[in-house]
Amino acid sequence: MKKLKPIAIILSVIIGMVAIGAVGLIVSSEYLNHRSKRKLTQLVSELKPGTSFGVVKLRLGEPSQTFTNSEELEMWGTTKDKAITTDCLLFKFMHRGIPYRWVLIYTDRNTNAVVYADWQDM
């Protein structure tokens with residue numbers, strides 16, 4: 001009986017540490033997710049319609065993907081608005097950071113200016 005008491009204490013301490021670690025992991029994951037959403041919302045709000053694509057590239061770097069036809073824009077983008085998907089190009093920029101997300105920039109085919117900006121989860 002004397003040996004069981006120290007084993008029970010050690011076991012309960014280990015279980016408590018695992019529980020605290022799991023809660024810490026969940027809390028930090030939620031914090032990173034919320035912070036990333038806040039940063040992306042701020043970034044997208046700064047890329048207003050009319051902004052030149054050159055300014056976008058200076059801010060975000062080179063696009064990872066480009067979509068040119070309206071079917072692709074509706075499939076891979078965030079908007080189904082025909083006014084945007086018919087006459088625009090969609091550029092997807094990878095937003096580095098945890099979690100990884102896409103910054104989507106829709107530009108007018110003729111002026112190459114931003115028409116719509118958004119973000120989406122990968």
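Here is a walk through this predicted model, from its interior out to its surface.

Let's start inside. The largest nonpolar core has 14 residues, and Val56, Phe93, Val103 and Ile105 are those with the most contacts inside it. Helix 1, helix 2 (53–60), strand 2 (88–95), strand 3 and strand 4 each give two or more residues to this core. In soluble globular proteins, nonpolar side chains tend to be buried together. Val56 is a good residue to click on: leaving aside its neighbours within four places in sequence, Val56 is in contact with Leu47, Thr51, Gly61, Phe93, Ile105 and Val114. Apart from the largest core lies another one, of 8 residues, among them Phe67, Cys88, Leu90 and Leu104.

Now follow the strands. Strand 3 (residues 101–108) and strand 4 (residues 114–121) run antiparallel and are joined by 7 bridges. Val103, one of the residues with the most contacts inside the largest core, has Trp119 as its bridge partner in strand 4. Between the two strands of this hairpin there are 5 residues, and in the hairpin Asn112 takes a positive phi near 60°. In a regular strand the side chains alternate between the two faces of the sheet.

Next, look at the charged side chains. Side chains of opposite charge can pair when their charged atoms come close, and in this model the count comes to 3 salt bridges. Arg59 pairs with Glu46, with the closest N and O atoms 2.5 Å apart. This salt bridge links distant parts of the chain, since Arg59 sits in helix 2 and Glu46 in helix 1, 13 residues apart. Arg59 is partly exposed at 46% relative accessibility, and Glu46 is also partly exposed, at 34%.

In the salt bridge between Glu62 and Lys57, the N to O distance is 3.4 Å. Glu62 is exposed, with a relative accessible area of 59%, whereas Lys57 is partly exposed at 31%. Lys82 and Glu74 form another salt bridge, their closest N and O atoms being 2.7 Å apart. Here Lys82 counts as exposed because its relative accessible area is 53%, while Glu74, at 19%, counts as buried because the cut-off is under 20%.

Finally, turn to the outside of helix 1. Which residues form a nonpolar patch on the surface? They are Ile9, Val13, Met17 and Ile20, with about 420 Å² of accessible area together. Ile20 is found in helix 1 (residues 4–46), and its relative accessible area of 60% makes it exposed.

Notes: Residues are numbered from 1 along each chain as its sequence is written. This is a predicted model: local features need pLDDT of at least 70, side-chain atom pairs count only at pLDDT 80 or more; totals for chains, interfaces and linings use all residues. Side-chain values use heavy atoms; hydrogens and water are left out. Patches are made of residues with over 30% relative accessible area and no salt bridge: like charges are joined within 9 Å, nonpolar side chains (Val, Leu, Ile, Met, Phe, Trp, Tyr) within 5 Å. Accessible areas come from the Shrake-Rupley method with a 1.4 Å probe; for residues, only the protein chains shown count as cover. A salt bridge is a side-chain nitrogen of Lys or Arg within 4 Å of a carboxyl oxygen of Asp or Glu. Helices (H or I, at least four residues) and strands (E, at least two) are DSSP runs, numbered from the N terminus. Buried means under 20% relative accessible area, exposed over 50%, partly exposed in between (1.4 Å probe, protein chains only). Two strands pair if DSSP finds at least two bridges between them. A nonpolar core is a set of buried Ala, Val, Leu, Ile, Met, Phe, Trp, Tyr and Cys residues joined through side-chain atoms within 4.5 Å. Contact means heavy atoms within 4.5 Å.
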